Structure formats: structure tokens, C-alpha cells
Amino acid sequence: MRHRQVLAVATVALFGLSGCADRPNDLDTYYDDPTPTPTVEPAQPSVKPQANPVPPPTTQAPVPAAVSAALLTDEDVAEEEVVPGESKVSGCLTGLTRGTSRSASWAYPSGSTLEHQVTEYTDRDASDVVTQADCEGRKLTLPKQAGIEVQRAWCEDKTCTVLLAKGKLVSALSVTAGTEARATDAAKRLLPIVAQRLRSA
């Protein structure tokens, strides 16, 4: 009976020792808590910068009412039998766009073109601008228009340009035709209409 008890005790001790074999024998760390599993922060979605960022819309200054009022309309040039063309400024008119301006263009069935531009100068009188203008070509004499402070005209090749000044406004008319004579005739026909527009602005 005593022999059986000794075997039982030995068996229990053997199993007890085998159960501890999984743990390391380093007594300094034997009772430490297991190493905690590091928590992984969720990856933040990367935002790629735009290759070409869209700039904010710009706010253009409103065109003065006087400028719009002095500009020729489709009705004003209806008798010329023209149609609206590509709005552009060329020739002698290019040197006048240092103020707030508006322009309009038309085309004749023959391919001739008609351009009109009105510019407001807040820092100087329009008469100074027209007086100092130096367009290329020969000077053209046209009937003087009432209520216009300064009036000048030139023809270069097949293009005739007329400049009118009143107050702070410069009204510029340019006609390009098949011949200089046709351009001159068109400028003469339109001059009274341009002047009337400028006077009423």
C-alpha cells in the first residue's frame, strides 16, 4: 500500500514538470504578462494634390454704362448689310486699350470688316488721347461732327480708322475693305452714327 502511494506521487510530479516545460526558465520574466499585441492604427487615405489646381474665379470690373452706351449695335450697322464677326482689335486701335473698353466687330459679305471700340480714360481727357494718337498712313479729312471735341482719321492701305473724343471717352472706328476708296466710303457713312452714339453716352 505504501509502495502505490509513492508511485502516485511520482507520477503526479512527473506530469507537473512536463506541464511547465512550455514556459521559459528565465525567472525574471516567468511571471510577466505576455507581450501585448501592438494595435495597428487604420491607415489614413492619402490625398493626392491636384496636378493643376483650379484657380478661383476672377471677378471682372463692370463696364461703365457710358462705354456700353457709346458702342455701336447691330441695329446701328444694319444698313451696311454686315453680320457679327470675331471681336478683335487691330491696327491703330491696339494702342487705345489702356482704359476700360468694349469692342464689337462685323463682317461684310465681300469679306471686308468693321470694328468699333469705345474706351474710357479715368486719368486723362479723351481729347488728349486722340490729339496724341499717331496712326500710320495718310490723314483723312472727314466732315466735322457736332458735339465732338476732337476728331481725327487716317487711311493705311485698305484700312481707314476714325477717332472721336468726348469727355473721358474715345470712340474708334476701323474699316478694312477691298480698296481704300471703299473703306473711306464706309467710314463716311458710319461717322454720323458713331458720333451720335458718343454724344448720347
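Here are some short exercises, with worked solutions, on the predicted model shown above.

**Exercise 1. Get the overall layout**

Work out how many helices and strands the chain has, and in which pattern they follow one another.

*Solution.*
- Step 1: Count the elements. You should get 4 helices and 7 strands.
- Step 2: Put them in sequence order. The pattern reads α-α-β-β-β-α-β-β-β-β-α.
- Step 3: Look at burial and surface. Of the 201 residues in the chain, 30% are buried. The exposed area comes to about 13700 Å², and carbon and sulfur atoms supply 54% of that.
- Step 4: Check the contacts. Take those between residues at least 6 apart in sequence: 53% of them join residues at least 24 apart.

**Exercise 2. Find the disulfide and its handedness**

Which cysteines form a disulfide, and is the disulfide right-handed or left-handed?

*Solution.*
- Step 1: Apply the cut-off, a pair of cysteine sulfur atoms within 2.5 Å. The sulfurs of Cys155 and Cys160 sit 1.9 Å apart, and the two residues form a disulfide.
- Step 2: Count what the rule gives you: 1 disulfide.
- Step 3: Take the torsion about the S-S bond of Cys155 and Cys160. It's about 100 degrees, so this disulfide is right-handed.
- Step 4: Check the surroundings. Cys155 and Cys160 are both buried.

**Exercise 3. Trace three salt bridges**

The structure holds 4 salt bridges. Take the ones made by Arg197, Lys168 and Arg138, and say where each partner lies.

*Solution.*
- Step 1: Start with Arg197. Its partner is Asp76, with the closest N and O atoms 2.9 Å apart. Arg197 belongs to helix H4 (residues 180–200), while Asp76 is in the loop between helix H2 (65–70) and strand S1 (83–84); the pair links distant parts of the chain, 121 residues apart. Arg197 has 23% relative accessibility, so this residue counts as partly exposed.
- Step 2: Go on to Lys168, whose side chain meets that of Asp125 in a salt bridge at 3.4 Å, N to O. Lys168 is in the loop between strands S6 (159–166) and S7 (169–176), and Asp125 is in the loop between strand S3 (113–120) and helix H3 (126–132), so parts 43 residues apart in sequence get tied together. Lys168 is partly exposed at 34% relative accessible area, and Asp125 is partly exposed too, at 37%.
- Step 3: Finish with Arg138, which pairs with Glu180 at 2.6 Å, N to O. Strand S4 (residues 138–139) holds Arg138 and helix H4 holds Glu180, so this pair ties together parts 42 residues apart in sequence. Arg138 comes out partly exposed at 42% relative accessibility, and Glu180 is partly exposed at 24%.

**Exercise 4. Map what surrounds Glu120**

Which residues does Glu120 touch, leaving out those up to four places away in sequence?

*Solution.*
- Step 1: Place the residue. Glu120 lies in strand S3.
- Step 2: Use the contact cut-off, heavy atoms within 4.5 Å. Glu120 then touches Pro64, Val67, Gly99, Thr100, Lys168 and Leu169.
- Step 3: Pick Val67 and compare sequence with space. Glu120 and Val67 are 53 residues apart along the chain, yet their C-alpha atoms are separated by 6.6 Å.
- Step 4: Tie this back to Exercise 3. Lys168, one of the residues Glu120 touches, has its salt bridge with Asp125.

Notes:
Residues are numbered from 1 along each chain as its sequence is written. This is a predicted model: local features need pLDDT of at least 70, side-chain atom pairs count only at pLDDT 80 or more; totals for chains, interfaces and linings use all residues. Side-chain values use heavy atoms; hydrogens and water are left out. Buried means under 20% relative accessible area, exposed over 50%, partly exposed in between (1.4 Å probe, protein chains only). Helices (H or I, at least four residues) and strands (E, at least two) are DSSP runs, numbered from the N terminus. Accessible areas come from the Shrake-Rupley method with a 1.4 Å probe; for residues, only the protein chains shown count as cover.
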